[in-house]
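Okay, thanks for making time, everyone. I'd like to walk through the side-chain contacts in this one, so let me put it up on the screen.

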Number of protein chains: 2
Amino acid sequence: MSTVTSTPGPTLTPTDLGVGARLTLLPADGDLVDVLGRALATADGMRVEIGSDEVSTLVRGAEDDVLLFVHHVIAAAARVAGHVVAHVHLSRGCPGEVACGLPDDAVLAYVDAPELPATGLRAAAHWALYPLDDGRPGHPGDHMRAIEQAVAVARTRATVSSERFVTRLDGDLAEVLGAVAAGWLAAGRHVRHVVAHATVSVGSPPRR
Amino acid sequence: MSTVTSTPGPTLTPTDLGVGARLTLLPADGDLVDVLGRALATADGMRVEIGSDEVSTLVRGAEDDVLLFVHHVIAAAARVAGHVVAHVHLSRGCPGEVACGLPDDAVLAYVDAPELPATGLRAAAHWALYPLDDGRPGHPGDHMRAIEQAVAVARTRATVSSERFVTRLDGDLAEVLGAVAAGWLAAGRHVRHVVAHATVSVGSPPRR
């Protein structure tokens, strides 16, 4: 009987994995350009590369740096403007713009979600996670299982409730974004290409 | 030799398929509650069910009615407020809140994207499509193929360019949302559960 030894493939860096975010941020009442400019200015020196067009700001870097930046900028904008709404789009595992090629034997290193500093700002989010798992011959994908696992992880961070098409998260902004981050990275443990979308309302006045 | 006749399964209605949208809409400068209230008031009598919380408005109905409503409300808000940013989340094929059960033999009826009336409003969107195709034993999923087909369909409707994590769409708001809709419905021809996200900036002032 012969033994086949499989050599583990390369461990992928955040750059190999195409890690990054797109952030769109709007004040509920006030001037977008002013609020965004002031919020971004407070993030000088953070370890990310950014670039903006009229729709969103692209944020590139390692997982924890991207998440710390997104958290910092949303909190800063809410402190400037009171009530802000952000759309956060996190991506990992699709390094190209169109194709998503990764070596088949690549090792998906597990990355812990960073501890985001508490803000004192109340947030509510509609969160959706997309583990883009095609499966392999003899091994169908199971994106719902990865979603259920991520929701279980999110429950340890924020208040979770089910809504149509999304999971609602409530808590301090740090808890809400921490739950989004932890769910995204938990799914990325087993699935190469995982995307999360969250629309986050911060500092909304209580409903009358 | 025996012949196995397979009986086609039930043809699914929009309700069976859990068709709907979530819409978050913000003016770039102005009061959110005022703008959203005025925009929604112009949509009275449209054939959808809506319900809002502080994060988004849930829109339920048939595919064309949902898309006509989303288009109408974004255009109305841009006419009130000038520059608005919307996040549009379209879903089809996951009728439950957590589980996505559909009969295995269910027929996916093809639905054409509706003709959205031209607005004269310039729009730019960051669009992402998620065909959540797990594959089956002996038949792996191929979500990138469904995405490439949808992008080809979008090219017939709007100006398309590749960006990191998203496809950028430019044109009249009707062309941009028409491209999002047509790509979503094209992917839904072969994949049961298809989600589209688009962040759309309408009436943005030219960049200085």
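So, A:E63 and A:R92 make a salt bridge in this predicted model, and the closest N and O atoms come out 2.7 Å apart. Which elements do they sit in? A:E63 is in helix α2 of chain A and A:R92 is in strand β4, residues 84-92, so the pair ties together parts that are 29 residues apart in sequence. Both partners, A:E63 and A:R92, are buried.

Now stay right there and look at A:L17, which has both of those residues among its contacts. Where does A:L17 sit? It's in the segment before β1 of chain A, and β1 is 20-27. A:L17 is buried, at 1% relative accessibility. If you skip its neighbours within four places in sequence, A:L17 is in contact with A:L12, A:E63, A:R92, A:G93, A:C94, A:P95, A:L102 and A:L108. And if you want a C-alpha distance to go with that, A:L17 and A:A62 are 9.7 Å apart in space, with their positions 45 residues apart in sequence.

Back to salt bridges. Helix α2, residues 63-81, gives us another one through A:D65. A:D65 pairs with A:R47, with the closest N and O atoms 2.9 Å apart. A:R47 is in the loop between α1 and β2 of chain A, so this bridge ties together parts that are 18 residues apart in sequence. Are the two ends buried or exposed? A:D65 is buried, with a relative accessible area of 11%, while A:R47 is exposed, at 62%.

Then there's one inside a helix. A:D34 and A:R38 meet in a salt bridge at 3.3 Å, N to O. Why can these two pair up along the helix? They're four residues apart in α1, residues 32-41 of chain A, and that separates them by about one helical turn. Here both ends are partly exposed: A:D34 has a relative accessible area of 37%, and A:R38 is at 45%.

How many salt bridges are there over all chains? A search of the whole structure finds 16. Across the interface of chain A and chain B, the rule finds eight. A:R22 with B:E163 is a pair between the two chains, at 4.0 Å, N to O. If you're wondering about the cut-off, it's within 4 Å. There's also a network of salt bridges that links A:D53, A:E54, B:R122, B:R168 and B:D170.

That takes us to the interface. 63 residues of chain A are in contact with 63 residues of chain B. The two chains bury about 5300 Å² between them, and 56% of that is on carbon and sulfur atoms.

Next, rings. How many aromatic pairs does the rule count over all chains? Just one. A:Y130 and B:Y130 are stacked, at 4.4 Å centre to centre with 10° between the planes. Each tyrosine lies in strand β5 of its own chain, residues 122-131 in chain A, so the pair joins two chains. Both are buried, with A:Y130 at 3% relative accessibility and B:Y130 at 4%.

We've got charges over rings as well. In chain A, the charged end of A:R189 sits over the ring of A:Y110, 4.0 Å from its centre. Chain B has B:R189 over the ring of B:Y110, with the charged end 4.0 Å from the ring centre.

Last topic, the nonpolar cores. The largest has 64 residues, and those with the most contacts inside it are B:I74, B:W127, B:L169, B:W184, B:V200 and B:V202. Among the chain B elements giving it two or more residues are β1 (20-27), α2 (63-81), β5 (122-131) and β10 (194-202). Which element gives the largest share? That's α4(B), with eleven residues.

Zoom in on B:I74 for a second. Not counting residues up to four places away in sequence, B:I74 touches B:L23, B:L25, B:V84, B:A86, B:V88, B:L173, B:L177 and B:V202. There's a second, separate core too, with 63 residues, including A:V70, A:L108, A:L173 and A:A187. You've already met A:L108, as one of the contacts of A:L17. That's it from me, so fire away.

Notes
Residues are numbered from 1 along each chain as its sequence is written. Chains are lettered from A and ligands numbered from 1 in the order in which they are written. This is a predicted model: local features need pLDDT of at least 70, side-chain atom pairs count only at pLDDT 80 or more; totals for chains, interfaces and linings use all residues. Side-chain values use heavy atoms; hydrogens and water are left out. A salt bridge is a side-chain nitrogen of Lys or Arg within 4 Å of a carboxyl oxygen of Asp or Glu. Buried means under 20% relative accessible area, exposed over 50%, partly exposed in between (1.4 Å probe, protein chains only). A nonpolar core is a set of buried Ala, Val, Leu, Ile, Met, Phe, Trp, Tyr and Cys residues joined through side-chain atoms within 4.5 Å. Contact means heavy atoms within 4.5 Å. Rings of Phe, Tyr and Trp (its six-membered ring) pair if their centres lie within 6.5 Å; planes under 30 degrees apart count as stacked, over 60 as edge-to-face and the rest as tilted. A charge sits over a ring if NZ of Lys or CZ of Arg is within 6 Å of the ring centre and within 35 degrees of the ring normal. Buried area is the accessible area (1.4 Å probe) that two parts lose on being put together, summed over both.
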